[in-house]
Amino acid sequence: MQIFHVFILILIQCSFILIHTCCSFVSSSFVSVSAFAGKRYHHHHHHHRYHQLFAVGDLSTSYEWLANERGFHIEWMDPEESDDGCSVGISASSIERDYDDGLALSEIPVYPLDACYLPICSSKSPVMRNEEDYAILRNVEPRNVKMAQDLIQKNEEDRVFCAVMRANDTGRIATVGTLMRIVSYDEQLLWDGTIARIVLKCKPEKLVHIVRILNPEAWSRENRIKMSNEYLLANLLVMNVARDQSKCMTYKKTQDQCADIIKMYDNIKQVYESVGAGTVSADVKKRLDMDDLPPFALEALSSLPIMTSISVENEHSFWSAAFIWQKVCFTVREAKRINLQALINELTIEVAMKSGGPLNLPVHREDLPFEKRMELNQIEHNATQEFISKSNMDPSLNFQHLLSVSSTSERISSLHRMLSMEYDKVLSSVKS
């Protein structure tokens, strides 16, 4: 019996390792949860029943109701809403103010996912500085595999698509996304030669606005049920972020906020690195909610990247700073997600062992008693609610807000607000 328990412990440990290995895949995997919720709820944006959580085990924050609750002005669209092409109204003055000379892109594939990518590779800095700055997307959904196959057949300059956030509660997509350029790919085959998945290595290049969905039928309920390989195509406008600089009425305040962001990040970085190195007390770790971080998170926090400077005139400097903070937020969320999954796995196996008889592996939640399934669901729900309440460390929705606002001063102010919340928390935890 002792040997059997040792075997179970090893099995649990292996599952932890598997989760650790897969953690970096989460932001680039398309999460097809509540695929049909949009038709039911998108006319009730401010109704209480709209507050629903899906995919809670992933600690997702991609919800329209949450965007509304946080006061974010994110514009969403239903790709299936029109039979003759779904268009978003854009005025001539808006094009003149916010878009790069009205530069239009036609018939660009749209990739909805439960993540937000920042346009960190601008035209002024076309080379990625670090390997980890590339976006890695692992395509397993039929439509995403087909999209990847079609794109890699094109010339290198035409291998682009629009990555855009998809709301888990409504199924709608944000109208502002990021133009991604494929720099390399890897086709992974099954034993019979069919494609299991295609891994894309991409550069996030430009901020784009979806003007029109050209094939709304691709997002139909029937196509989703059939797992159709037809992907969305859209006409886009490239957004010009830097155009509003001369019109910024709060230039001095925005400059001061840029300096504050650097200072606050340096202070947060110093405390986080002390946590990663194990040189802070257990009480401080607990107040920081970092008393049970997995090894990968401690390693990442012990050597955070340096945030050099942010210039009001330099779009790339802002996105680089925002990307650094997004990576910190993503590390914290993944640490919490892994701890949650480890707890769920442990409880699942514990319940399965108590049922008697030989242990059938793998253990599926649907095979557990109803009350235990509800207990596990409640644990995940509570963990997600707790994470959502700490909006300053959200790597998805907060950054979609950065994409969606129209001026640089608003973006800098929003990033300043994000860091301020964590800075205040860190400062009070250290001083207590």
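Let me start with Glu205, which at 13% relative accessibility counts as buried, where buried means under 20% relative accessible area, exposed over 50%, and partly exposed in between, with a 1.4 Å probe and protein chains only. Before going on, I should say that this is a predicted model, in which local features need pLDDT of at least 70 and side-chain atom pairs count only at pLDDT 80 or more, while totals for chains, interfaces and linings use all residues. Residues are numbered from 1 along each chain as its sequence is written, and side-chain values use heavy atoms, with hydrogens and water left out.

Glu205 meets Arg181 through their side chains in a salt bridge, at 2.9 Å from N to O, the term standing for a side-chain nitrogen of Lys or Arg within 4 Å of a carboxyl oxygen of Asp or Glu. The pair links distant parts of the chain, with Arg181 in strand 7 (residues 176–189) and Glu205 in strand 8 (residues 195–213), 24 residues apart; helices (H or I, at least four residues) and strands (E, at least two) are DSSP runs, numbered from the N terminus. The structure holds 15 salt bridges, and another of them joins the side chains of Glu222 and Lys226 at 2.8 Å, N to O. Of these two residues, Glu222 is partly exposed at 48% relative accessibility, whereas Lys226 is exposed at 57%.

Helix 11 brings a further salt bridge, between Glu375 and Lys372, whose closest N and O atoms are 3.6 Å apart. Because they are three residues apart in helix 11, Glu375 and Lys372 are separated by about one helical turn. The helix itself, residues 370–389, has 20 residues and reaches 29 Å from its first C-alpha to its last, close to the 28 Å expected at 1.5 Å a residue, the expected span being 1.5 Å times one less than the number of residues. Its buried residues are Leu376, Glu380, Thr384, Phe387 and Ile388. Seen down the axis of helix 11, these buried residues fall within an arc of 110°, so they line one face of the helix, the arc being that of the directions from the helix axis to the C-beta atoms. They pack against helix 3 and helix 10, with contact taken as heavy atoms within 4.5 Å, and the face turned away from the buried side carries the exposed residues Glu371 and Ser389.

Which residues touch the most other members of the largest nonpolar core? Of its 76 residues, they are Leu118, Ile210, Tyr272, Trp319 and Trp325, and the largest share of this core, 12 residues, comes from helix 10 (residues 315–354). A nonpolar core here is a set of buried Ala, Val, Leu, Ile, Met, Phe, Trp, Tyr and Cys residues joined through side-chain atoms within 4.5 Å. Leaving aside neighbours within four places in sequence, Tyr272 is in contact with Met290, Leu301, Leu304, Val328, Met393, Glu422 and Val426.

I will close with the loop between helix 2 (37–41) and helix 3 (64–69), where Asp58 is found. Asp58 is partly exposed, with a relative accessible area of 23%, and, its neighbours within four places in sequence aside, Asp58 is in contact with Arg333 and Arg337. Leu59, found in that loop between helix 2 and helix 3, is buried at 2% relative accessibility and has a positive phi of about 55° although it is not a glycine.
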